[in-house]
Amino acid sequence: MNFLKILKKTVIDSQLYVSLMGTFFAVFFMEEQNTFRFPTVFLIFITYFSGYLYTKYQYTQYFFKILILNAIAGIICAFLIYHNHNEIRLLKWFIIVILGLLYNSFFLDVYIRKIPLLKVFYVGLVWALVNCWLTLPEFNLPIFLISFFFITALVLPFDIRDMKNDTVETFPKLIGIQNTKYIAYLLVFVSIILSILYLDLNYSIAFFISGIITYILIYFSENERDDVYFSFGVETCSVLPFLFSVIMKYF
């Protein structure tokens, strides 16, 4: 039990885990498109990690230190893009960072997280842009849609978890837990169909298997469940396509 508490505090609560999940989700599409490069992977991880740290700690005593860390991370990211890509990639990255700041920043009177029902779609949008735009020479609509529907579906169980504490209107509060699950099922289904139509066979199979496991985790999502179920279990769904694609490739 103590090990689980330590794991939650050091890996999950530190925002390291969600950042790794987002990075590996992007790597899945990079591998499918044959655009994998280590500097890009490092860039994506730093961007996710600094962004989630900013969101989590902006109202705490650690915020000034987080700002310094984010400034250093921004310099590293700009350096990586300058030496490995081009000005267009730098502009793409900057736009995605701005979108992240608009999601939840104390200096804004109204930010995205305060707007009822919009949060789930906005998170899906940002993750999708990383996968279909930042890592590729041109905007890829199928990858955008696959990513957008899948990640939006994964955010809904977190709304179920937080429904008693959220101060803004969310889908579970508006239409109930079961109907929220139905929406998540539909979004995962659409993303699976699109992956079958547009991804290479091995990658579409990997995504299909991941979708089945995602269905199961959504089905058992309840407000009373421990936070670890969502922060570890549901969050892990975003790395499953990559893991299954590796298994199919090498085994």
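User: Which residues does Phe 29 touch, not counting residues up to four places away in sequence?
Analyst: Phe 29 touches Asn 131, Ile 143, Ile 146, Ser 147, Leu 199 and Phe 207, where contact means heavy atoms within 4.5 Å. This is a predicted model, in which local features need pLDDT of at least 70 and side-chain atom pairs count only at pLDDT 80 or more, while totals for chains, interfaces and linings use all residues. Residues are numbered from 1 along each chain as its sequence is written, and side-chain values use heavy atoms, with hydrogens and water left out.

User: How many residues are in the largest nonpolar core?
Analyst: That core has 64 residues, and Phe 28, Phe 29, Ile 151 and Phe 207 have the most contacts inside it. Helix H7 (residues 141-162) gives the most to this core, with 12 residues. A nonpolar core is a set of buried Ala, Val, Leu, Ile, Met, Phe, Trp, Tyr and Cys residues joined through side-chain atoms within 4.5 Å. Buried means under 20% relative accessible area, exposed over 50%, and partly exposed in between, with a 1.4 Å probe and protein chains only. Helices are DSSP runs of H or I with at least four residues, numbered from the N terminus.

User: Switching to H4. Which of its residues are buried?
Analyst: Phe 63, Ile 66, Asn 70, Ala 73, Cys 77, Leu 80 and Ile 81. They cover an arc of only 90° around the axis, so they lie on the same side of H4; the arc is that of the directions from the helix axis to the C-beta atoms.

User: What do they pack against?
Analyst: The buried residues of H4 pack against H3 and helix H5 (87-103). The face turned away from them carries exposed residues Phe 64, Lys 65, Ile 75, Phe 79, Tyr 82 and His 83.

User: How many disulfides does a search of the whole structure find?
Analyst: Zero, taking a disulfide as a pair of cysteine sulfur atoms within 2.5 Å.

User: Why no bond for Cys 132?
Analyst: The closest cysteine sulfur, in Cys 77, is 18 Å from that of Cys 132, so it is too far for a bond. Cys 132 is buried, at 0% relative accessibility.

User: Back to the loops. Where is Asn 34?
Analyst: Asn 34 sits in the loop between helix H2 (16-32) and H3. Its phi is positive, about 55°, although Asn 34 is not a glycine. Asn 34 is exposed, with a relative accessible area of 71%.

User: And Leu 117, what is its phi?
Analyst: Positive, about 70°, although Leu 117 is not a glycine. Leu 117 is in the loop between H5 and helix H6 (119-134) and counts as partly exposed at 28% relative accessibility.

Notes. Helices (H or I, at least four residues) and strands (E, at least two) are DSSP runs, numbered from the N terminus.
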